[in-house]
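Visitor: I would like to learn how to read a model of this kind step by step. Could we begin with the terms and then turn to the case in front of us?

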Amino acid sequence: MRTKVAIIGAGPAGLLLGQLLHGYGIDNVILERQTPDYVLGRIRAGLLEEGTVALLDQAGVGARAHREGLVHGGIELAFGGARHRIDMKAATNKTVMIYGQTEVTFDLMNARKAAGLSTIYQAAGVEPHDFDTDHPRLSYTKDGVGHEIACDFIAGCDGSHGVSRSSVKPSAIRTFERIYPFGWLGILSETPPVSHELIYTNHARGFALCTMRSTHRSRYYVQCPLDDHIDQWPDARFWEELKLRLDPEAVENLVTGPSIEKSIAPLRSFVAEPMRFGRMFLAGDAAHIVPPTGAKGLNLAASDVHYLSRAFREYYDDKSTAGIDGYSDVALARVWKAVRFSWWMTSMLHKFPDQGEFGARIQLAELNYLVSSRAASTSLAENYVGLPY
Ligand SMILES: Cc1cc2nc3c(=O)[nH]c(=O)nc-3n(C[C@H](O)[C@H](O)[C@H](O)COP(=O)(O)OP(=O)(O)OC[C@H]3O[C@@H](n4cnc5c(N)ncnc54)[C@H](O)[C@@H]3O)c2cc1C
């Protein structure tokens, strides 16, 4: 088989890239090691920047998001028992949209199917080869039979444990990492959200976040020790702990119910540099991970794909390599700003084992400053709604 761009991974990055390239008339194939149902079953991100929504529109898959997504003009910060709203719309004239990653993936998968584009699910042992030459290729096994795809470029959209990044020789790549000393215990429940907008809570017992996927489906998180196991967290214990951290109004309005998903995710920041290796390019979680506090993971995958799809279009339409040559630097400049923002939000809102009373007071001083200074709240707002591409 031969294609122009061979994409590894059918997560949001790979599927969105495939759809944008299709829009530019650039032939592509996606190889995914899981089944479509498995990919759709992963409950992950749920907040889209306007830039991400615009990309979904460009890819021709934004209609359902506009119909069903919830548009938010602000967030609330809760500390010291009270809530304070940051009016992001007033500060930036931009909003964010609640629309689950599973829905984005579902819409992209359907569009790909409708366009008759090739996605090979359950592709085992995918390996990129010769990406430092002009003739890269991918090998994989499907139903026990070995196959090869020859291509012009490889796009590594295969997430943090994918094969693309690990195929690069160690001397060609540099990585930067921060591991946080706690995790997020999250549950999804068929209950109405406690509030119209997200509530980020700094509390002496640890961080809590109230978010949602729709008007009838809520997502709640509490900070927990890294070595906790979900078996230690029956639903009743989760709701009890959440109530201990929320402000009185939220406790009163909270509707509890059985969890339909429950998981513990460790938090880390990670960046790999560069994001291009000859004719192989990394995009999304394959290149970087952020703690979910700033809601940036999925949005960064989208901005990478924006730069990469335009770079390929320039290559094929304008016969220019400027876009692909500049891809890594341009993408990383935006990535590092989101890494900084996610790290800052995480540092300000969580309880750290070594922070002591001094550290807790500094956090409260920063939060008080944020909600009382227009300059500080505007800075939060413009990062939260997404920096320009
Ligand atoms: C548990 C969890 C919770 C999260 N929660 C949030 C959140 O609340 N908010 C937020 O903003 N972000 C969150 N994120 C981050 C967000 O979901 C990711 O940033 C986003 O999924 C990135 O998309 P991606 O396409 O780059 O990677 P992925 O979604 O990881 O997709 C990569 C795809 O590649 C496939 N793949 C991997 N290896 C291979 C291989 N060798 N061959 C073929 N295919 C392969 C995988 O099966 C997968 O389908 C969360 C992430 C995780 C893991």
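Guide: Two strands are said to pair if DSSP finds at least two bridges between them. Please keep in mind that this is a predicted model. Here three bridges join β3 to strand β7, residues 96-98, and the two run antiparallel; one of the bridge partners is I98 in β7, which is matched with L47.

Visitor: In what order do the strands of the sheet that holds β3 and β7 lie, and how are they paired?

Guide: As a general idea, strands of a sheet pair through backbone hydrogen bonds, either parallel or antiparallel. In this model three strands form an open sheet in the order β3-β7-β4, with antiparallel pairing. Because β3 (47-49) and β4 (70-72) stand at the edges with a single partner strand each, one side of each is left without a neighbour in the sheet. Neighbouring strands of this sheet are turned against each other by 30 degrees on average, direction ignored.

Visitor: Which helix packs on this sheet, and which strands does it touch?

Guide: That is helix α3, residues 50-58, which touches β3 and β7 and whose direction makes about 85 degrees with that of β3.

Visitor: What is the order of strands in the sheet of eight?

Guide: The eight strands form an open sheet in the order β6-β5-β13-β14-β15-β12-β16-β19, and here the pairing is mixed. Since β6 (82-87) and β19 are at the edges, each with a single partner strand, one side of each has no neighbour in the sheet. Within this sheet, three bridges join strand β13 (residues 199-201) to strand β14 (residues 208-212), an antiparallel pair, and among the bridge partners are T201 and, in β14, A208. Helix α11, residues 322-349, lies across β12 (174-189), β13, β16 and β19, and runs at about 125 degrees to β16.

Visitor: How should I read the backbone angles, and which peptide bond is cis?

Guide: Most residues other than glycine have a negative phi, and most peptide bonds are trans. In this model the peptide bond from E273 to P274 is cis, with omega near -5 degrees, and P274 has its place in the loop between β16 (259-273) and β17 (276-277).

Visitor: Where is D143, and is this residue buried or exposed?

Guide: D143 is in the loop between β10 (137-142) and β11 (145-156), and has a positive phi of about 50 degrees although it is not a glycine. D143 counts as exposed because its relative accessibility is 71%, the cut-off for that word being over 50%.

Visitor: Is A295 buried or exposed?

Guide: A295 also has a positive phi, near 55 degrees, in a residue other than glycine, and is found in the loop between β19 (288-289) and α10 (297-317). With a relative accessibility of 18%, A295 counts as buried, a word that applies under 20%.

Visitor: How many residues surround the ligand, and which are the closest?

Guide: The ligand is surrounded by 28 residues, of which the closest are A13, E32, R42, Q101 and D285. Its polar contacts include a polar backbone atom of A13 at 2.9 Å from a ligand oxygen, a polar side-chain atom of Y221 at 3.3 Å from a ligand oxygen, and a polar backbone atom of G297 at 3.3 Å from a ligand oxygen. Taken alone the ligand exposes 990 Å², and the protein buries 85% of that. The elements that give two or more residues to the shell around the ligand are α1 (12-23) and α10.

Methods. Residues numbered from 1 in each chain as written. Predicted model: local features only at pLDDT ≥ 70, side-chain atom pairs only at ≥ 80, totals over all residues. Heavy atoms only, no water. Helix = DSSP H or I, 4+ residues; strand = E, 2+ residues; numbered from the N terminus. Axes fitted to C-alpha atoms, helices over the stretch in contact; angles between N-to-C directions. Contact = heavy atoms within 4.5 Å. Buried < 20%, exposed > 50% of the residue type's maximum accessible area, 1.4 Å probe, protein only. Near = heavy atom within 4 Å. Polar contact = N/O pair within 3.5 Å; in protein donor to acceptor, adjacent residues only side chain to side chain. Areas by Shrake-Rupley, 256 points an atom, 1.4 Å probe, with all protein chains shown as cover.
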